[in-house]
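Here are some exercises to try with a structure in front of you. Work through each task on your own, then compare your steps with the solution.

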Amino acid sequence: MSASIFTTLFLVALGLYSAVQLWLANRHYRYVASHRSEVPEAFIDQIDIEAHQKAADYTLAKTSLERIEIFIGAGILLAWTLGGGLQWLDSVWATSELSTLWIGTGFLLSLFALLSLIDIPMSIYRTFVLEEKFGFNRTTVKTFITDQIKQLFLLILIGTPLIAAVLWLMGNMGELWWLWVWAVWTGFGLLMMWAYPTFIAPLFNKFKPLEDGSLKQRIQDLMTRCGFTSNGIFIIDGSKRSGHGNAYFTGLGQNKRIVFFDTLIESLSTDEIEAVLAHELGHFKRKHITKRIFSMAIFSLTGLAILGWLITQEWFYAGLGVTTPSLHAALALFLIALPVFTFFLHPLTSWFSRKHEFEADAYAAEVSSAEYLTKALVKLYEENANTLTPDPLYSAFHDSHPPAAVRIAHLTR
Ligand SMILES: [Zn+2]
């Protein structure tokens, strides 16, 4: 393939990627706006018109922002590739006295740092304008700034050895280097899953063990009933940053934690919390986490095998605006241009995720209560101002969770 053909291919893919996203966002916008005046039939007794309209307005504001972000994202990608951004960054590092390995590591670290720096204005707008306007923002300027600093610190601390190891393997393991990189990458992913709850998450939030009492008793009874062991039930101060409530599971093996946002504990009854936890346990019991790890491993193996081939093709660099091929440039191009080409897989992963949600709901109905899970979901939809009327196509493409009406219909039938 010639470089100019690959450039054309990339531009067509990027055009398609942006056009499809824009088209879906427009559909979603129109659909939510046209359903703003009435609460859907199924929710008429549970949700009042003010809450419904707040959810619609919030969704419209988020969708407007999404439309702008599609353009900004495409612009940034073009600037880094065909605009010569990566080539420029490479030439800056090339003047240093460092070895190739450390030039490559520095190049990638600074690229990631710059990418998150570019994202900061948007992040400020999202937090302090959009979320603020709808009453969800609790992040102070101080928290925002310290979060950015902590993230940069983690990038350097964790990124440096990982990137250096990957580049070293790429340069020293012969043609099958991608198998070695895959092993390191997968091992690293598992290590992070294991380490995240104990070492990383506490840097950003306070974890408080759930106090003894009727709620803790109910949760422990449920876990015994389900044959589940964890190394603790925690409440985190999610309210430090946002009014949105959530519950999740984290960790691997013996290092599993159940985590409730304080905002969730405040708004749900004991019965409802039990039902929400039963849903989370359902993900574990139906082996969704194992399945996800497995499919990610297959996905990254395929990706790395493709990269193993691309790295030897001159058109891959030249076609994306890099005139001096190198291992680190290949890695950077691959990471930033990949989403444009794998975009069509997105509806498939969303579909699997929604399938898992239904299975976890069914499990919760079995071991806890469908009625309380429904009540909890309606409350969470209302409090998080999630729309009850997403555009069906937009939702099918993007959403990891089924639309409220469909989900609740499944639970109550
Ligand atoms: Zn779930």
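**Exercise 1.** Decide whether Glu274 is buried, exposed or partly exposed.

*Solution.* Start with the cut-offs: buried means under 20% relative accessible area, exposed over 50%, and partly exposed in between (1.4 Å probe, protein chains only). Glu274 has a relative accessible area of 8%, so Glu274 is buried.

Before you go on, note that this is a predicted model, in which local features need pLDDT of at least 70, side-chain atom pairs count only at pLDDT 80 or more, and totals for chains, interfaces and linings use all residues. Residues are numbered from 1 along each chain as its sequence is written, and side-chain values use heavy atoms, leaving out hydrogens and water.

**Exercise 2.** Find the salt-bridge partners of Glu274 in helix α7.

*Solution.* Recall the rule: a salt bridge is a side-chain nitrogen of Lys or Arg within 4 Å of a carboxyl oxygen of Asp or Glu. Helices are DSSP runs (H or I, at least four residues), and strands are runs of E, at least two, both numbered from the N terminus.

- Step 1: Glu274 meets Arg218 at 2.9 Å, N to O. This pair links helix α9 to helix α7, across 56 residues.
- Step 2: Glu274 also meets Arg225, at 3.8 Å, N to O. Here the two residues are 49 apart in the chain.
- Step 3: Check the accessibility of both arginines. Arg218, at 27%, counts as partly exposed, and Arg225 is partly exposed at 48%.
- Step 4: Put the bridges together. Arg218, Arg225, Asp271 and Glu274 form one network through shared partners.

**Exercise 3.** Test whether the length of helix α7 agrees with or departs from the expected span.

*Solution.* The expected span is 1.5 Å times one less than the number of residues. Helix α7 (residues 214-226) has 13 residues and should therefore span 18 Å; its end C-alpha atoms are 18 Å apart, which agrees.

**Exercise 4.** Work out how the buried residues of α7 are arranged around its axis.

*Solution.*

- Step 1: List them: Leu215, Lys216, Ile219, Leu222, Met223 and Cys226.
- Step 2: Look down the axis. The buried residues fall within an arc of 125° (taken from the directions from the helix axis to the C-beta atoms), so they line one face of α7.
- Step 3: Recall the geometry. An α-helix has 3.6 residues a turn, so residues three or four places apart point the same way.
- Step 4: Turn to the face away from the buried side, where you find the exposed residues Ser214 and Thr224.
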